[in-house]
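Student: I have a structure to look at and some questions about its pockets and rings. Can we go through them one at a time?

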Amino acid sequence: MRRITRIATVGVASAALALSATACGGKTSSDSGSDGADKAAIAYDIGGRGDQSFNDAAYAGLAQAEKDLDIDGNEAEPSDGESDADKVQRLTELARAGNNPVIGVGFAYAPAIKKVAPKFPKTTFGIIDDASVTGKNIANIVFNEEQGSYLAGVAAAKVTKTKTVGFIGGVETPLIKKFEAGYAQGVKDTDPTVKVLPQYLTQPPNFDGFSKPDLGKAAAQGQLDKNADVIYSAAGLAGSGAIEAASKAKKWNIGVDSDQYNQAGLANYKESILTSVTKDVSDAVFNLIKSVQDGKPQSGEIRYGLDKDGVGLSMSNPAFTEMKDVIAAVDKAKQEIIDGKITVKTAP
């Protein structure tokens, strides 16, 4: 698999031309991605590969496609503080290089895909976590994050001993508010006496809250000081700092997106990771690549919820699976959501 290095935020045009010639094969046709599905690419969100969370889940899907579908996978990293123009250039060069599909990991790619997709009508563009930009060749991969977060709230309310739990959101956006909303509702529905401490690390247009572990660590320490003994972080790479802080305090963490108990970069803190709210980003990426290879490319909204196991709670930590009453409460809530008996809020 070829990994494309970060594109500088200055000199974008010349850097992209060099990228096209060296890393992506140098094709310049305005729609060269239309002649095959033997190459696929993902353009990472803030934090890039190695975030132990969202981006790594997307990478897992691409890696699986390389193995099972015999495709040539390509990756493109973001640069710090980049503009929409940088994303446009990145997606354009990936499409020109013959990658099909080209997948933007994260809602931040919406403006870029809106501009680039019409120029490559025979190339499928996927975008994860956004349904606002539509087109015949755009696949909107979205998740019911609030449903998985509700289950996390149930678990948190059941295991807390201090009756105080925390939520850390990376950046205060509508997407991350879905995580907060579901979590808080799950906590309150399970035990109304439990206090939820919500905190966001940054506000748009500052997206450092997804990339700087020190911010997550400081926020978690603040919540620990307020007696929180379970902290759920939806903050990308910054969440690893929160996990470190809670682990050192011997309190519980709830991870996000990937099964963070099994992430190598978090191995030193894994025993503190009670469970994780998972999003099946890896399967979503794989399924989109396979659909293109099969000649039936996905398009429009593709939603993953509890009913399709597209979101859920991980069961990797033996300490969690041994909590029979907690697991029973989680399973009951899951079924009631699937059956429509519980409607989970998407905003706090």
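Student: Which strand and which helix each supply at least two residues of the lining of the second largest pocket?

Tutor: This is a predicted model. The lining of the second largest pocket includes Val-311, Gly-312 and Leu-313. It also includes Val-330, Asp-331 and Lys-334. The two elements that each supply at least two lining residues are strand E13 (311-313) and helix H11 (324-338).

Student: How many nonpolar, polar and charged residues are in that lining of the second largest pocket?

Tutor: Leu-151 and Met-315 are among the lining residues, and Leu and Met count as nonpolar. Asp-309 also lines the pocket, and Asp counts as charged. By class, the lining has five nonpolar, three polar and three charged residues.

Student: How much space lies in the largest pocket?

Tutor: The lining of the largest pocket has 17 residues. By class, six are nonpolar, five polar and six charged. The space in the largest pocket is about 370 Å³.

Student: Which residues lie nearest the centre of the largest pocket?

Tutor: Look among the 17 lining residues. Those nearest the centre are Ile-46, Ser-79, Asp-80, Gly-81 and Phe-207.

Student: Now the rings. Why is the pair of Phe-167 and Tyr-200 called edge-to-face or stacked?

Tutor: A search of the whole structure finds eight aromatic pairs. In this one the ring centres are 6.0 Å apart and the planes are at 65 degrees. Planes over 60 degrees apart count as edge-to-face. So the pair of Phe-167 and Tyr-200 is edge-to-face.

Student: How many residues apart in sequence are the parts that this pair of Phe-167 and Tyr-200 ties together?

Tutor: Phe-167 lies in strand E7 (residues 164-171). Tyr-200 lies in strand E8 (residues 195-202). So the pair ties together parts that are 33 residues apart.

Student: Is Tyr-200 buried or exposed?

Tutor: Buried means under 20% relative accessible area. Tyr-200 has a relative accessible area of 15%. Phe-167, its partner, has 0% and is buried. Tyr-200, too, is buried.

Student: Which strand holds Tyr-232, which also pairs with Phe-167?

Tutor: Phe-167 and Tyr-232 form an edge-to-face pair, 5.6 Å centre to centre, with 65 degrees between the planes. This pair ties together parts that are 65 residues apart in sequence. Phe-167 is in strand E7, and Tyr-232 is in strand E9 (residues 230-234).

Student: Which residues do ring pairs link into a cluster?

Tutor: Phe-167 pairs with Tyr-200. Phe-167 also pairs with Tyr-232. The cluster linked by ring pairs is Phe-167, Tyr-183, Tyr-200 and Tyr-232.

Terms used. Residues are numbered from 1 along each chain as its sequence is written. This is a predicted model: local features need pLDDT of at least 70, side-chain atom pairs count only at pLDDT 80 or more; totals for chains, interfaces and linings use all residues. Side-chain values use heavy atoms; hydrogens and water are left out. On a 1 Å grid over the protein atoms alone, a cavity is a set of points where a 1.4 Å probe fits but cannot get out, and a pocket is an open set with protein on both sides within 12 Å along at least five of seven lines; lining residues have an atom within 4 Å of a point. Grid points are joined across faces, edges and corners, and a volume is the space filled by probe spheres set on the points. Helices (H or I, at least four residues) and strands (E, at least two) are DSSP runs, numbered from the N terminus. Rings of Phe, Tyr and Trp (its six-membered ring) pair if their centres lie within 6.5 Å; planes under 30 degrees apart count as stacked, over 60 as edge-to-face and the rest as tilted. Buried means under 20% relative accessible area, exposed over 50%, partly exposed in between (1.4 Å probe, protein chains only).
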